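Please find a short reviewer's note below. It goes with the model shown here.

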Amino acid sequence: MDKTALFKFQSGLYVVSAKAGEDVGACIVNTGLQLTSEPIQVAVVVNKQNHTEEVIERAGHFALTLVTEEADMLYIGRFGFRTSANFDKFDGIESAETTLGDPYTPVNSACVIACDVVQTLDVGTHVLFVGEVKDARNLSDAHPMTYEYYHTVLKGKTPPKASSFVA
């Protein structure tokens, strides 16, 4: 089987974040998807080993921002290659909170969506969170970053915890 065939799926890069009490989690995912229009629901998939997955479970809500092509590898590394368990990903960068209290940064972000978790599905190494959209705002007119752009232009690699990782 040629698992690289899965690389042809189109997806974007997103930062998903949540706050439960004083505990904040944030990470890069490439699996954000609108599921329904009434009510508006989106899905994100987060690795069970990510601190962010635990925080979303406890919080019961999350923020989802769509990363723009303005982002560089330092930005992606901030959210994608370090753990929120011992690194404050929002320290030293402009940030705000959604109406549900989850942190996000408008920097390198096309939009922010605030969601209440309405369903979860254990999919093995990851958890799929279905969120009902409670608020959404456009933040920039910059082009959204696709996963293809991340690989071909920024020469980014897929980390082992990503849902699209192929060994």
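The points cover the basis of the model, one strand and its partners, the cysteines and one further residue.

1. Basis. This is a predicted model, in which local features need pLDDT of at least 70 and side-chain atom pairs count only at pLDDT 80 or more, while totals for chains, interfaces and linings use all residues. Residues are numbered from 1 along each chain as its sequence is written, and side-chain values use heavy atoms, without hydrogens and water.

2. Strand β1. This strand spans residues 14-20 (strands are DSSP runs of E, at least two residues, numbered from the N terminus). Of its 7 residues, 6 are buried (under 20% relative accessible area, 1.4 Å probe, protein chains only), so β1 is largely enclosed by the rest of the structure.

3. Partners of β1. Strands pair if DSSP finds at least two bridges between them. β1 pairs with β2 (residues 23-29) in the antiparallel sense over 7 bridges. Here Val16 stands opposite Cys27. The hairpin has 2 residues between the strands, and Gly21 takes a positive phi near 65°. β1 also pairs with β5 (residues 61-67), again antiparallel, over 4 bridges. Ser17 faces Ala63 in β5.

4. Cysteines. A disulfide is a pair of cysteine sulfur atoms within 2.5 Å. The count is 0. For Cys111, the closest cysteine sulfur is in Cys115, 10 Å away, too far for a bond. Cys111 is buried at 18% relative accessibility. Cys115 is buried at 0%.

5. Thr36. This residue lies in strand β3 (residues 32-37). Thr36 is partly exposed (between 20% and 50%), with a relative accessible area of 31%. Its C-alpha atom is separated by 19 Å from that of Val127, 91 residues apart along the chain.
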